[in-house]
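Me: I'd like to learn how to read a protein–DNA model at the bench. Could you walk me through it, one feature at a time?

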Protein chains: 2
Amino acid sequence: MMNKDRCLKPATDEECRKAWLTLKDTMDIVGGKWKLVLISILRGGKFKFRELAREAEISPRILSKELKELEMNGLVSRTVLDTRPITVEYQLTPYSVSLNKLILNMYEWGQMHRQKITGKQ
Amino acid sequence: MMNKDRCLKPATDEECRKAWLTLKDTMDIVGGKWKLVLISILRGGKFKFRELAREAEISPRILSKELKELEMNGLVSRTVLDTRPITVEYQLTPYSVSLNKLILNMYEWGQMHRQKITGKQ
DNA sequence: GCTATGGGTTACATAAAGGATACCATCTAA
DNA sequence: TTAGATGGTATCCTTTATGTAACCCATAGC
């Protein structure tokens, strides 16, 4: 139990399966080619749809899909502004902050690993 | 700078791009359908090729590919035993421990997020 | 020789992800 | 009235990921 909590070493097949499903949940939300790119960009502030498309060099179709998913998961909010013509702003939600530790970990591990394979330059 | 180190909020496009590439490195190694499943299973000890295939319910073709990638990245070691017929054992390397924090973070976030969307049961 | 087990590989098929292009609708300013 | 910006959607296509089935090689037991 302690063991499981500290290093997630599942003792039984059941536990292993549950652990995997939970990891998969996370991967579904943060994985794929664009999710983390968009989150990174949105850390810079508010963006309109086309601004974001230009910034990330992503096609509108994919951008639309990704933003919907991020919005559904409570990580991004969409605000329609009553301007002429109407504009839509996307920004990170306060909840998205909960990902900070994870993203930082991924970043650190990637950096460490790169140093390891390129010979600790 | 400090900001970047603590919450990875890239200030420039360059930084944003570099951050993304580093995150992508990590995703390449740990992402996909099988990598984390196999790592989870291998936490249980040594496994032979077919044992692992049975355990994970993965086809030999994919298993072979995944194991090669994990091995290339120094996370899994492959040992040929001089038995009749020869057998091959796969196990996690000491280096794989470096992923523990990341995996635990992913697990915790997934758990927390699930509680959030299912209404904090 | 026949069959079984272990460790895979090869060839082929399907599913999922991502991309390109064109387009729709609304509005404004020229 | 035409052109350009806004926020997208629809259609089609390519690439990558994953799966299935059959097969190869070696050894051991019968």
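Me: Let's start with a single contact. How far does a polar side-chain atom of A:Arg61 lie from a base oxygen of DNA strand C?

Reply: Happy to help! Keep in mind that this is a predicted model. For a contact like this, look for a pair of N or O atoms within 3.5 Å. Here a polar side-chain atom of A:Arg61 is 3.0 Å from a base oxygen of DNA strand C.

Me: What distance separates a base nitrogen of DNA strand C from the side chain of B:Arg61?

Reply: An N or O atom in the B:Arg61 side chain lies 3.4 Å from that base nitrogen. The backbone of strand C is contacted as well: a side-chain N or O atom of B:Tyr90 sits 2.7 Å from a phosphate oxygen. As for the elements, two or more residues each come from α5 (60-72) of chain A and from α4 (49-56), α5 (60-72) and β3 (87-92) of chain B.

Me: How many residues surround DNA strand C, and which are the closest?

Reply: Try listing the neighbours, then sorting them by class. Strand C is surrounded by 21 residues, with A:Lys33, A:Trp34, B:Arg50, B:Ser64 and B:Arg78 the closest. By class, 10 of this surface are charged, 8 nonpolar and 3 polar.

Me: What share of the strand C atoms within 4 Å of the protein belongs to sugar or phosphate?

Reply: For DNA strand C that share is 51%, and the rest of those atoms belong to bases. For DNA strand D, sugar or phosphate accounts for 49% of the atoms within 4 Å of the protein, again with the rest in bases.

Me: Which residues come nearest to DNA strand D?

Reply: Among the 19 residues around strand D, the nearest are A:Arg50, A:Ser64, A:Arg78, A:Tyr90 and B:Lys33. Two of these reach phosphate oxygens of strand D through side-chain atoms: A:Tyr90 at 2.6 Å and B:Lys33 at 2.7 Å. A base oxygen of strand D is 2.8 Å from an N or O atom in the side chain of B:Arg61.

Me: Which elements give two or more residues to the surface near DNA strand D?

Reply: Chain A offers α4 (49-56), α5 and β3 (87-92), while chain B offers α5. The largest share, 4 residues, is from α5(A). Sorted by class, the surface near strand D has 8 charged, 7 nonpolar and 4 polar residues.

Me: Now for the two protein chains. How is the size of an interface often given?

Reply: A common choice is the accessible area lost when the parts come together. Chains A and B bury about 4500 Å² between them, and carbon and sulfur atoms give 66% of that. A:Trp20, A:Tyr107 and A:Trp109 supply 16% of the area that chain A buries against chain B, more than any other three residues. In residue terms, 50 residues of chain A are in contact with 50 of chain B.

Me: How many salt bridges and polar contacts are there between chain A and chain B?

Reply: There are 2 salt bridges between the chains. One pairs A:Asp25 with B:Arg114, with the closest N and O atoms 3.0 Å apart. Polar contacts join 10 residue pairs, counting those with both residues at pLDDT 80 or more. On chain A, the elements giving two or more residues to the side that touches chain B are α1 (2-7), α2 (13-30), α3 (35-42) and α6 (100-117). The largest share, 16 residues, comes from α6(A). By class, this side of chain A has 23 nonpolar, 14 charged and 13 polar residues.

Notes
Residues numbered from 1 in each chain as written. Chains lettered and ligands numbered in written order. Predicted model: local features only at pLDDT ≥ 70, side-chain atom pairs only at ≥ 80, totals over all residues. Heavy atoms only, no water. Near = heavy atom within 4 Å. Polar contact = N/O pair within 3.5 Å; in protein donor to acceptor, adjacent residues only side chain to side chain. Nonpolar A, V, L, I, M, F, W, Y, C, P; charged D, E, K, R; others polar. Contact = heavy atoms within 4.5 Å. Buried area = accessible area lost by both parts, 1.4 Å probe. Salt bridge = Lys/Arg side-chain N within 4 Å of Asp/Glu carboxyl O.
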